[in-house]
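Here is a short structural report, written to be read alongside the sequence and the coordinates.

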Amino acid sequence: MNKFGSEKLNQQVLQTGLCIGCGACIDLCPYFRSHRGRTAQLFPCNREEGRCFAHCPKVEVDADTLCRFLFAAPYNGDPLGIHRSIHISRAGDRLKKQPFQAGGTVTALAYYALRTKRIRGAILTGREGLLPVPRLATRPAAVFGSSLSKYAAAPTLSALNRAIAAGYDNLGIVATPCQAAAVAQMRMNPLDRPSFQDPAALVIGLFCTWALDFRQFEAFLAARLPLRDIVKVDIPPPPAAVLEVYLRDGKKEFPLDEIRPLVPAGCGYCIDMTAEFADVSVGVLEGRPDRNTLIVRTARGEKIVREAEKDGYLIREDMPAENRAHLQWAAANKKQRGVRRCLETGRLNGEEGAACLRLKEEIIRQIMENTPEVPTSPHPVGEERQKSGHSRQVKEASCLI
Ligand SMILES: Cc1cc2nc3c(=O)[nH]c(=O)nc-3n(C[C@H](O)[C@H](O)[C@H](O)COP(=O)(O)OP(=O)(O)OC[C@H]3O[C@@H](n4cnc5c(N)ncnc54)[C@H](O)[C@@H]3O)c2cc1C
Ligand code: SF4
Ligand code: SF4
């Protein structure tokens, strides 16, 4: 593993605009800070090796090393990552009805893990106004306060760093794919610290096609609606191709074409749609807004899902083949786009300390050569929609599925 310090991080990630503001480098030392969605280094530091660089998900991420560490298997380029099973799911009936983003699977699993003391705390993302804010929940009921998706990139992992510094272990972490990659790098103890203890007892990944730059997103909405009236933001699956903003007294929609310019550059280098480095990953489900897609990846992920289901906190169904095919297609598309961007900018493999991503040559070929076929959408697609270019819209939306 390549080891460098904050100077290199600054040069290769912050100054190049690759930073996604995940928070992994924040609250490890007094020097890095997040302010309204942006990460900045306040003072220079001359350490030659730092956790800031070692944990950052935008520099020197070696997918094969991460997979071998987490799954004892090589990175195989599967669009959905290494996994054991895929399901449809929702929060079980024992959980009080709450405002969830979709089926509430994430909140249900975090709640159950805390309630059964599998974890001592859950690292979540709440919000203050529109600003996503890192949170540590130590009581089961506290997880409800952080439900719902905040579509701006969030410094969530600063709460993990603070919790570890405060002596917490056995933590549950709800993380976007880049955050889950940072947590996996953290768990590998890259600086070989003798006192190190793996802090993560459960990583719940979120699907993510892209996030938004908080400051630009806030300015965009502020010019169009009263921010204080926002109760929920959603990006329904294709073919909708809109961002929905639910207000106290109604709803406004914005075409995704107007929203995409607010996506930070760092997301363009991302090859992971389904949080491949998590124990379980959760996304929305096309055509059923009150359900989730649930991917189970590890033995401990499987155990908690099975037990939560048995105790009435989670409900699972089989995933139809057409939903699965569409998910696979969308994730393959994102992988190909991310690899292409890394190749075009010289950030795939190459110079030590400058690569965004490291992949084996045969995996790069496999990702780039297997152009995914547009599958039949799991939605009932009417003739009208086909005539009006539905399949092109699905392809371009690829995807906030
Ligand atoms: C930036 C972003 C992009 C997404 N893109 C897709 C996509 O392309 N396709 C798809 O299927 N699903 C996507 N999702 C996931 C989806 O919106 C839901 O989070 C997921 O389906 C879980 O639903 P739920 O009902 O179980 O969530 P809930 O039970 O409501 O829980 C939501 C959880 O998300 C966490 N969270 C909220 N905002 C953030 C954030 N900014 N960063 C980190 N954690 C956060 C909260 O801590 C909470 O635990 C995205 C989510 C985010 C945050
Ligand atoms: S991507 Fe995360 S770890 Fe990397 S510089 Fe930005 S905030 Fe820090
Ligand atoms: S697209 Fe990738 S880099 Fe951007 S927020 Fe999502 S997981 Fe992170």
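The report moves from the overall fold to the strands and then to two ligand sites.

## Overall fold

This is a predicted model. The protein has 13 helices and 15 strands. Its radius of gyration is 20 Å, close to the 21 Å that the globule rule gives for 401 residues, so the protein is as compact as a globular protein of that length. The C-alpha trace spans about 60 × 45 × 45 Å along its principal axes.

Burial is computed for the whole chain: 48% of the 401 residues count as buried. Contacts were also sorted by sequence separation. Among those with a separation of 6 or more, 70% join residues 24 or more positions apart.

## The eight-stranded sheet

An open sheet is built from 8 strands. Their order is E6-E5-E7-E8-E12-E13-E4-E14, and the pairing is mixed. Strand E6 (131-137) and strand E14 (314-318) are the edge strands, and each pairs on one side only. On average, neighbouring strands of this sheet are turned by 30° against each other, direction ignored.

At the E6 edge, strand E5 (residues 121-128) is the partner. E5 and E6 pair in the antiparallel sense over 7 bridges. One bridge sets arginine 127 against proline 132 in E6.

## The E1–E2 hairpin

Strand E1 (residues 32-35) pairs with strand E2 (residues 38-41). The sense is antiparallel, with 4 bridges. The two strands form a hairpin with 2 residues between them. Arginine 36, in the turn, has a positive phi of about 45°.

Side chains alternate along E1. Phe32 and Ser34 point to one face and are buried. Arg33 and His35 point to the other face and are not buried. Arginine 33 also stands opposite alanine 40 in E2.

## Surroundings of ligand 2

Which residues lie closest to ligand 2? They are Cys19, Cys22, Ala24, Cys25 and Cys56, out of 14 residues that surround the ligand. By class, this shell has 10 nonpolar, 3 polar and 1 charged residues. Helix H1 (residues 6-14) gives the most to the shell, with 3 residues.

## Surroundings of ligand 3

The shell around ligand 3 draws on residues spread along the sequence. Ile20, Ala153, Thr176, Pro177 and Cys178 are among them. So are Cys208, Trp210, Ala211, Gly266, Cys267 and Cys270.

How do the residues of this shell divide by class, and how many are charged? The shell around ligand 3 has 9 nonpolar and 2 polar residues, and no charged ones.

Conventions:
Residues numbered from 1 in each chain as written. Chains lettered and ligands numbered in written order. Predicted model: local features only at pLDDT ≥ 70, side-chain atom pairs only at ≥ 80, totals over all residues. Near = placed C-beta within 6 Å. Nonpolar A, V, L, I, M, F, W, Y, C, P; charged D, E, K, R; others polar. Pairing = 2+ DSSP bridges. Axes fitted to C-alpha atoms, helices over the stretch in contact; angles between N-to-C directions. Rg over C-alpha atoms; globule rule 2.2 N^0.38 Å. Buried ≥ 20, exposed ≤ 12 C-beta atoms within 10 Å, placed from the backbone. Contact = placed C-beta atoms within 7 Å.
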